[in-house]
Each structure stands twice: as C-alpha cells, then as structure tokens.
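Subject: Structure handover

Hi there,

Here is the structure I promised to pass on to you. Could you have a look at it, and then read on for what turned up when I went through the side chains?

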Amino acid sequence: MKIEWENCPEFGRDFVRKIREKVQRVFMNIMKNSLEAMEKGGTFKIQADEQNGEVVFSLADTGKGIPEEQIEDLFQPFTQADEARGSMGSGLGLAIVKRIVDLHKGRIALSNHPDGGLIATVTIPVKYSYIS
C-alpha cells in the first residue's frame, strides 16, 4: 500500500505525531480497513486542514467503497461491510474509532468517493486533542 500526504500542511503531520496514542489508533484502524479493501498497489491518501479550531483529516483509499445503506451501521460493534471490502476482522475497528473520536469531542463520517474507494473524514477540536 502506498501512503500519500496530499496537500497536508506540516501541522497535520505534527498533530498526528503529538496526539495521544488512542487518537493515533483511529488512523491505524482506518488504514488497516483500507489495506484489506484495496487491491495490491492501492493508494491511501491523508489530507489535513485546520478550520475553526479543529483539525479535519480526510483519509481516502482506492478500494471498492461501501454500499450507502451500510455506512452508518459500520460504527456498531461486530458489524462488517459486505464482501466488497473483505471481512477478515472482528467488526470492532470502526466502533472503536467512533468511540475514541467521540471521547475527543470529534466527529467521523464515511462516504464513497465518486471515482471509487472510501473517504473517512475525522474532525478533532485542537483543544481536546491533548497535544503535548
């Protein structure tokens, strides 16, 4: 898998390096899901922006996406996407991600990219991120 920091200012990379381990787990779980969903040689892109005291990360893969009707359910424990994204895990990854993001007063949304693949948008207020 190729990871690209696309249009990502240095503050975005520094933010990821400095935030607590649990928030880093959010990115690892999303990347793990993307790796399982993509064909060999797929690309995982990370973009970051700061808006109104929040850091907004867009994490996108080149996998097959997820049927729209399944997206909201994926944040429930033991729920997996259909076979299009693989089903190798326990179905806890995105439930854990949602819980961690909620604990940091953040938001997460999943959407399909028009050209294929899934985009996870994670928004975390800087004041709740525990930057050291």
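Ser 34 is buried in this predicted model, because its relative accessibility is 3% and the cut-off for buried is under 20%. The residue lies in helix H2. Its side chain is joined to that of Asp 61 by a polar contact of 2.9 Å. Asp 61 belongs to strand S3, which covers residues 54–61.

Now to the charged pairs. How many salt bridges does a search of the whole structure find? The search finds three, and I will take them one by one.

Helix H2, the helix of Ser 34, also holds a salt bridge between Lys 32 and Glu 36. The closest N and O atoms of this pair are 2.7 Å apart. The helix runs over residues 21–37, and because Glu 36 and Lys 32 are four residues apart in it, about one helical turn separates them. Both ends of the bridge are partly exposed: Glu 36 has a relative accessible area of 25%, and Lys 32 has one of 44%.

Helix H3 (residues 93–103) has a salt bridge as well, formed by the side chains of Lys 98 and Asp 102. Here the N to O distance is 3.0 Å. Lys 98 and Asp 102 are four residues apart in the helix, so they too are separated by about one helical turn. As for accessibility, Lys 98 counts as partly exposed at 28%, and Asp 102 is partly exposed with a relative accessible area of 35%.

The remaining pair is Glu 54 and Arg 107, whose side chains meet in a salt bridge at 3.0 Å, N to O. Which parts of the chain does this pair link? It links distant ones: Glu 54 is in strand S3 and Arg 107 is in strand S4 (residues 107–112), with the two positions 53 residues apart in numbering.

Is Glu 54 buried or exposed? Glu 54 counts as buried, because its relative accessibility is 18% and the limit is under 20%. Its partner Arg 107, in contrast, is partly exposed, with a relative accessible area of 46%.

If you open the model, you could begin with Ser 34 and Asp 61, which are joined by the polar contact, and then go on to Glu 54 and Arg 107, the pair that links strands S3 and S4.

Happy to talk it through whenever suits you.

Best wishes

Notes. Residues are numbered from 1 along each chain as its sequence is written. This is a predicted model: local features need pLDDT of at least 70, side-chain atom pairs count only at pLDDT 80 or more; totals for chains, interfaces and linings use all residues. Side-chain values use heavy atoms; hydrogens and water are left out. A salt bridge is a side-chain nitrogen of Lys or Arg within 4 Å of a carboxyl oxygen of Asp or Glu. Buried means under 20% relative accessible area, exposed over 50%, partly exposed in between (1.4 Å probe, protein chains only). A polar contact is a pair of N or O atoms within 3.5 Å; within protein, one must be able to donate a hydrogen and the other to accept it, and residues adjacent in sequence count only if both atoms are side-chain atoms.
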